[in-house]
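Morning, everyone. I have one structure to go through, and I will keep it short.

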4 protein chains.
Amino acid sequence: MSGNTFGTLFRITTWGESHGSAVGVVVDGCPAGLQLCGEDVQKELDRRRPGQSRASSSRQEADRVEMLSGIFEGRTTGTPISMLVWNKDADSSAYDALKDKPRPGHADFAYQMKYGLRDHRGGGRASARETVGRVAAGAIAKRLLISEGIHIIGYVIELGGIKADIESSDISELSVKAESNPVRCPDLDAAKNMLQRLDEVRQEKDSLGGIVAVIAEGVPPGLGEPVFDKLDADLAKALMSIGAVKAVEIGIGLHSAKMLGSEMNDSLKIREGEIEFESNNAGGILGGISTGAPIVCKIAVKPTPSIAKRQRTVDIASMKSAEIEIVGRHDPAIPPRIVPVAEAMVAVVLADHLLRQRAARL
Amino acid sequence: MSGNTFGTLFRITTWGESHGSAVGVVVDGCPAGLQLCGEDVQKELDRRRPGQSRASSSRQEADRVEMLSGIFEGRTTGTPISMLVWNKDADSSAYDALKDKPRPGHADFAYQMKYGLRDHRGGGRASARETVGRVAAGAIAKRLLISEGIHIIGYVIELGGIKADIESSDISELSVKAESNPVRCPDLDAAKNMLQRLDEVRQEKDSLGGIVAVIAEGVPPGLGEPVFDKLDADLAKALMSIGAVKAVEIGIGLHSAKMLGSEMNDSLKIREGEIEFESNNAGGILGGISTGAPIVCKIAVKPTPSIAKRQRTVDIASMKSAEIEIVGRHDPAIPPRIVPVAEAMVAVVLADHLLRQRAARL
Amino acid sequence: MSGNTFGTLFRITTWGESHGSAVGVVVDGCPAGLQLCGEDVQKELDRRRPGQSRASSSRQEADRVEMLSGIFEGRTTGTPISMLVWNKDADSSAYDALKDKPRPGHADFAYQMKYGLRDHRGGGRASARETVGRVAAGAIAKRLLISEGIHIIGYVIELGGIKADIESSDISELSVKAESNPVRCPDLDAAKNMLQRLDEVRQEKDSLGGIVAVIAEGVPPGLGEPVFDKLDADLAKALMSIGAVKAVEIGIGLHSAKMLGSEMNDSLKIREGEIEFESNNAGGILGGISTGAPIVCKIAVKPTPSIAKRQRTVDIASMKSAEIEIVGRHDPAIPPRIVPVAEAMVAVVLADHLLRQRAARL
Amino acid sequence: MSGNTFGTLFRITTWGESHGSAVGVVVDGCPAGLQLCGEDVQKELDRRRPGQSRASSSRQEADRVEMLSGIFEGRTTGTPISMLVWNKDADSSAYDALKDKPRPGHADFAYQMKYGLRDHRGGGRASARETVGRVAAGAIAKRLLISEGIHIIGYVIELGGIKADIESSDISELSVKAESNPVRCPDLDAAKNMLQRLDEVRQEKDSLGGIVAVIAEGVPPGLGEPVFDKLDADLAKALMSIGAVKAVEIGIGLHSAKMLGSEMNDSLKIREGEIEFESNNAGGILGGISTGAPIVCKIAVKPTPSIAKRQRTVDIASMKSAEIEIVGRHDPAIPPRIVPVAEAMVAVVLADHLLRQRAARL
């Protein structure tokens, strides 16, 4: 129980179900004095919002954030910041038929087994709508990080097996390009192919998976608390806690398993009087502590489990085999919409460790 | 700070440096009444111990555990269990030359930047020796899990690019085979090739990476606390917190990114009156909660960063370029020895969530 | 930072300022399946509400709770329960004059020093209005406890030096009598005197302190987690965290300092086949663990710091001496209104430890 | 479960039973760079040690601390500091007769009910010997606080109803005087009477309670995290978690219940350009945040429950009435020996909040 709070000093608590009255988050531990307004949060929520393109669900939610506490005269006061978004376009009718038939690839069965009952409407707490709170909290974390010169971006690097060719390492450029297209892929040619592939699978009543990268630049060395609250460990938890994520990689990630030590190790050098790394296979983290190099995370996102294709399941009331076809409004692929969520979680982890690091030395 | 404690109800706190007097762990929250003796812990420490084969470092440590509290007349009392292993074969001489020269791929530079000073001997707290505490704690967690019918095994599935062919799904058989060879690979042909490859890279003064799988069977449905303390999220943190791990996968993991929803989703069926899944791409976890299917995790382990080959680094005292060759006793590959560590971390997570789940329902 | 969350398994997070848009709480970790409706919470909020009698402030707030999540078809689902109360009758005008003049006995100066800025309107986060969230959360904790046969009551035992004579040990009777009068004192004669004394001090532009008792009956033996999360330690924290509380006593409390061991120790006896204590000086807790005897806590509540009398303070803008007279709507004594708040905090602690205790044995 | 860890950033985990092999503590989160040696800890342990005078138990323990980790070349490294004290003079024989007969006023019955079994020797985990870990950790906290100009002292202000007359407010003087006599009372006349009273009750096979004050000077304003981790709330928990403590007061404490608002409120003034309080009824804390005035805490300590007088109890094996006379080595009063323990707990709370406060502002 009580798994809805994350973080040690910069700490977020999310709440709300897909088809309940509202979803929201309480952000506790944001330092006092940070300039913050509703628009800072709204612009991130707008990036997350469904109904915006053919790459996403057609559920229409304005998702206007209400900031209820913790801000006075345009600045944070150090007290908890409570934010809320009302659910307006929830349509539960499609879910009644599914009440006793757990959808494959969804949390339905697991929630039922855990709690003995569940709010089945729209996936309840296990809905992607739960990420509204994460994104709102992440927006505040980002503001805090920006005030310290830390910038976070995310984008899709693979969708339905189509890989992007990422040439630039300029995060502003990558971000602008990624945000310019519905699949959030900075390789515009690949983006076109991804969109086409998405149209195909939607026709086939199926869905696609993909890979998303999140990069943080400007992170000072020293963040992360060995041996359990290592920066990469907390990033792994934060990212794996997002629905549909099945793998987390740091730096070169899985490929490190195939490398020699002499290839993997990032050599150090002096450049203009500063210590630098010649490469960044480590993804900016060694021994669980940031090194000053860019933090690089990747997540594998499974294909949307809600598909219109016929699937086999069971009826838990009659304990008989059953079949379902999931109608309703669903993203044909999650990666484009997961980008702001993944960025938010990385931002929350970095904000927390930025504050924790203040206690590291005398 | 204070990142050396892990878990909510079953909670471990590790301490100790590679070349300090001892390493140890305090296990708090183990339920009272569990039969437990030193041998239960010792046998796991023996699996972790170096100096056992040509696949591992030649440092000789008996690693005899002393159990100092929390046990009375052969049973746990519910009070903290403190365990300690003395460091005996520490040889710091090789490290003096490295004091100001951070070893590439190691935590040296990051610790120095974080704390402003560090115990450089043998990697200090960032040494693999830190895992003694994890394995000792994991041994207790395993005992607790076994009392509930949960069994955990781990093995190497890839080393230096050589992949094992895992045909069996019988975990006893897999375990016996894996423990029968120095690389802990249940595919004995692959194991032979891996060992040969290890000999080669040692000759080349280099090292290998690989992939380790950990499987837990008998896990009841319902474990995991959405939305942040999801079972997969806590497993990801636990596993990523082990040194040298660069990726964590749950179930089919990274490959899910290339699948269609209709391929990825595990259908449900009724078999002999029980609900089952037709496949286990999910790795036993949906919505962050265990489903009753086996939990499957994989970790990518980077090649040992300590290599005898010449490497470029810097001298942080003189702020000049430098070169190092790391002599000393190092594993040419970490995966075989990481197996008991990864099992231990999975065990600690499951033990914690087993206890937390007791609070889920009225 | 992040001190707005309390509890381990049954965990509450409160938010909101006196003159912001709303105040609220997120309750995480309430077991699934508990019958719960808005009225369960509303009736406790109504007990806390100001403007009800001459013993309390005249601020008029309907304080209607909105329950936004975590409940489905009249039962808790195991997911977070978010509750909110809008601020409607906030009148900030009286506070502008006090912006730079910290009120003696209030948190104004301390908040300013801590955060460098503050929401000065109505005490901001340090207002008694913050307890709305505590009481709402406590109402849920009480429901959970009642389902396990645990009942909590509170009442005033001393006000302005007037002591109640508590003869009964029947908590239902005590509760009915206490709730029958504005000062919440079960000794009706004393209550009359207290009310008269309150009228006097209000005339004198002054205020009174007092003592409140909270009793929990039906608590099973075994609750409390030594050595730091002892039941009495967590009760002390919970109660001391309420504004205006300056002392917490368990059982016979302070008077134990004057007793002999032979007087203090509660002897054990067998009665009808059950082990019982002959007295309850311990207040139902030994070694930090409940014994099955009633839990008895007392708190000393200082006089309301907001008084109309002229007081000396400083102007922090000009750094000169200043005088203030606090006009506005203030309770002439806090104890009557703190009763439901103290009950709520005791309920939250007991609910948390009730769940934690489930993990104590194999 | 897992109640043996205390603190958020400066975090301690204690372990060990009275008659087990050892007792100890792991201190995590001490900032790197603090000069620290064994003697800093030993001198505090020596103050806590029994067998030193006629005011304390005759158990002889050298209590030599071994510092096993976290220190390198005389400074803390930021990694966990593990400390251990071996139990040498444990004599369990006296306890066998008590195995099934819970001692009145002791934790025996409660532990048995909680865990279903217990280490009955010497009180097991519930022994005063558990405080060795607290005092060792507190010694490190004190070193950290001293480096920031914060000093903590404690002394006995009442024993067996004999009150000390504390005239001085010079904490150095108070400390020197208190440490000059076995009852640790700075009023030397009162101390003499207290010692005499102690002799009397020992003759009568009985024991005495008392009151201890702890004062912290030099605490900067701003420490404490509303609304639950208020400084006074955390102090209350820390102090109430010490065995035998039945009440905690902050500042004027219980007496505030009898005061008028105009008497209780500490007026503010300007003195030499600084803001000061004219009195310190608040005990240095307002709204749960330190104000810069000295922190003043008092605890009521019940009489030693182990008395040689005959007492009534039950035999839990036969479920019959029984009588016991507790022979063995016991302090006739706890207050003198609890002084260093209470100081230690206050030090740990302040160290933790000092670090937490670093995150309060941008």
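I will take the chain symmetry, then one interface, then one helix. Keep in mind that this is a predicted model.

Symmetry, then. A turn of 180° with a shift of 0.0 Å along the axis lays chain B on chain A, at an RMSD of 0.0 Å. That is how a two-fold axis relates two copies. The same surface serves both of them, with 100% of the contact residues of chain B recurring in chain A. Which residue of chain B comes closest to the rotation axis? That is B:Lys237, with its C-alpha at 2.4 Å.

Next, the interface of chain B and chain D. Here 47 residues of chain B are in contact with 47 residues of chain D. The size of an interface is often quoted as the accessible area lost when the parts come together. For this pair of chains about 3400 Å² is buried, 64% of it on carbon and sulfur atoms. How many salt bridges does the rule find across this interface? Zero. It does find 12 residue pairs in polar contact, both residues at pLDDT 80 or more. On the chain B side, the elements that each supply at least two residues include strand S3 (22-28), strand S7 (81-86) and helix H3 (108-115). The largest share, five residues, comes from S2(B). By type, that side divides into 17 nonpolar, 19 polar and 11 charged residues.

Last, helix H1 of chain A, residues 38-48. Its buried residues include A:Val41, A:Leu45 and A:Arg48. The buried residues of H1(A) pack against several elements of chain A, among them helix H4 (131-146) and helix H9 (335-357).

How values were computed:
Residues numbered from 1 in each chain as written. Chains lettered and ligands numbered in written order. Predicted model: local features only at pLDDT ≥ 70, side-chain atom pairs only at ≥ 80, totals over all residues. Heavy atoms only, no water. Buried < 20%, exposed > 50% of the residue type's maximum accessible area, 1.4 Å probe, protein only. Helix = DSSP H or I, 4+ residues; strand = E, 2+ residues; numbered from the N terminus. Contact = heavy atoms within 4.5 Å. Least-squares fit on C-alpha atoms with pLDDT ≥ 70 in both. Buried area = accessible area lost by both parts, 1.4 Å probe. Salt bridge = Lys/Arg side-chain N within 4 Å of Asp/Glu carboxyl O. Polar contact = N/O pair within 3.5 Å; in protein donor to acceptor, adjacent residues only side chain to side chain. Nonpolar A, V, L, I, M, F, W, Y, C, P; charged D, E, K, R; others polar.
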